Amino acid sequence: MEHMEGMENRVMFDKLEDLVRRFEEILNELSEPDVTSNQNRFRSLMKEQSDLTPIVEAYKEYKKCTQDMEDSITMLEEEKDPDMREMLKEEHNEAKKRIGEIEHELKVLLLPKDPNDDKNVIVEIRAGAGGDEAALFAAELYRMYAHYVETKHWKLELVNADETGIGGMKEVEFMVSGQGAYSVLKYESGVHRVQRVPETESGGRIHTSTATVAVMPEAEEVDVQIDEKDIRIDVMRASGNGGQCVNTTDSAVRLTHYPTGIVIYSQTEKSQIQNKEKAFTLLRAKLYDLECQKAHDAEADARRSQIGTGDRSEKIRTYNFPQGRVTDHRIKLTLYRIDSIMNGDIQEIIDNLIAADQAAKLLKMNENL
């Protein structure tokens with residue numbers, strides 16, 4: 001075991017030294033006067049520098065703590081004063097503890113990064129089994145995410161909402177723009193289940209309803225090529241349940257993508273151009289997501305090592321109102337504060353999912369050494 005751990009650390013530190021050298025190369029290149037003449041190259045270097053900075057800083061702290069520990073050992077061998085020896089022992093123990101913490105941080109930082117993590121996302125919520133109650137739950141999930149996005153100071157834009165007229169939503173699609181949005185929200189993909197007594201239920205029986213959440217990374221035009229002959233564009237008057245949101249002009253846009261059968265409807269903007277832009281953004285995301293899913297399915301082992309970011313049919317979470325609890329089945333986490341969670345306080349769940357995902361990937365990485 002110790003031999004394996006030593007080999008693992010040697011591999012890690014060799015990689016860290018390579019990354020430090022690469023970081024210095026980037027800094028040197030960025031300091032050159034003509035670096036901004038090629039904007040694509042400049043952006044690429046800045047992105048690489050940003051990605052490497054936390055790793056390099058953690059490694060520098062690791063080296064400092066290691067040196068501090070070695071210095072304290074040397075001084076302990078020479079020091080005779082009991083009080084000074086006690087202080088040196090404390091410094092040694094603190095440095096040793098911090099070294100262990102940084103080693104774990106470095107292992108996590110060196111894990112292969114999902115190339116989509118820094119992207120904005122498209123979220124699609126669909127009411128599942130349960131009729132009107134499922135549609136009401138879908139609308140509550142939308143509000144939950146809207147409140148969460150607000151706490152992160154991200155931007156939310158509604159693309160399309162198929163409302164039921166009693167406060168429910170059969171389907172809702174929205175965009176979330178913010179640094180690392182996909183890295184956080186990707187764990188929300190799957191089937192969400194609600195258990196409660198509907199207001200319309202006279203007998204007081206608990207009903208179970210579901211809604212499906214799909215979180216897709218926003219795709220750039222370079223990620224997905226759409227052939228114009230594969231698209232049909234229809235414009236129409238926006239539909240709805242009345243009120244100010246319903247337009248009186250033909251501004252709503254429907255895209256039909258023949259090869260996949262995907263149909264996109266966008267009506268939230270008063271401008272046809274803006275609705276068309278949103279519709280194409282959503283279509284690109286869906287097509288890119290299809291490609292990602294194909295690649296994901298082809299890597300069965302990789303999918304099994306992840307915490308619920310693969311199978312959209314997986315039941316991931318239950319919201320039980322009579323018991324006031326929310327349970328995430330992937331990590332067997334139960335929290336008894338359903339009201340705050342439904343109000344967008346989902347960070348604790350997400351943090352636990354990220355930690356579990358990292359632990360699973362670390363285990364897999366160690367097995368492959």
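The legends below describe an overall view and several close-up views of one predicted model. Residues are numbered from 1 along each chain as its sequence is written, and side-chain values use heavy atoms, with hydrogens and water left out. In this predicted model, local features need pLDDT of at least 70 and side-chain atom pairs count only at pLDDT 80 or more, while totals for chains, interfaces and linings use all residues.

**Figure 1. The whole chain has nine helices and 11 strands.** Helices (H or I, at least four residues) and strands (E, at least two) are DSSP runs, numbered from the N terminus. Of the 369 residues in the chain, 42% are buried. Buried means under 20% relative accessible area, exposed means over 50%, and partly exposed lies in between (1.4 Å probe, protein chains only). The chain exposes about 20600 Å², and carbon and sulfur atoms supply 49% of this area. Accessible areas come from the Shrake-Rupley method with a 1.4 Å probe; for residues, only the protein chains shown count as cover. Among contacts with a separation of 6 or more, 62% are between residues 24 or more positions apart. Contact means heavy atoms within 4.5 Å.

**Figure 2. Met 12 is a buried residue of helix α1.** Helix α1 covers residues 2-30. The relative accessible area of Met 12 is 7%, so this residue counts as buried. Leaving aside neighbours within four places in sequence, Met 12 is in contact with Glu 103, Leu 106, Lys 107 and Leu 110. Met 12 and Leu 106 are 94 residues apart in sequence, yet their C-alpha atoms are 8.5 Å apart in space.

**Figure 3. Two salt bridges join helix α1 to helix α2.** A salt bridge is a side-chain nitrogen of Lys or Arg within 4 Å of a carboxyl oxygen of Asp or Glu. Lys 63 pairs with Glu 17, and the closest N and O atoms are 3.4 Å apart. Lys 63 lies in helix α2 (residues 39-78) and Glu 17 in helix α1, so the pair ties together parts that are 46 residues apart in sequence. Lys 63 is partly exposed at 41% relative accessibility, and Glu 17 is partly exposed at 28%. In the other pair, Arg 22 meets Glu 48, with the closest N and O atoms 2.8 Å apart. Arg 22 is in helix α1 and Glu 48 in helix α2, so this pair ties together parts 26 residues apart in sequence. Arg 22 has a relative accessibility of 22% and counts as partly exposed; Glu 48, at 26%, is also partly exposed.

**Figure 4. Salt bridges also occur elsewhere in the structure, which holds 32 of them.** The side chains of Asp 230 and Lys 229 meet in a salt bridge with an N to O distance of 3.9 Å. Lys 229 is exposed, with a relative accessible area of 63%. Salt bridges that share partners join Glu 124, Arg 126, Glu 171, Glu 173 and Lys 286 into one network.

**Figure 5. Asn 160 is a buried residue in strand β2.** Strand β2 spans residues 155-163. Asn 160 has 7% relative accessibility and therefore counts as buried. Not counting residues up to four places away in sequence, Asn 160 touches Glu 171, Val 172, Glu 173, Tyr 265, Gln 267 and Thr 268. Glu 171 and Glu 173 also belong to the salt-bridge network of Figure 4.
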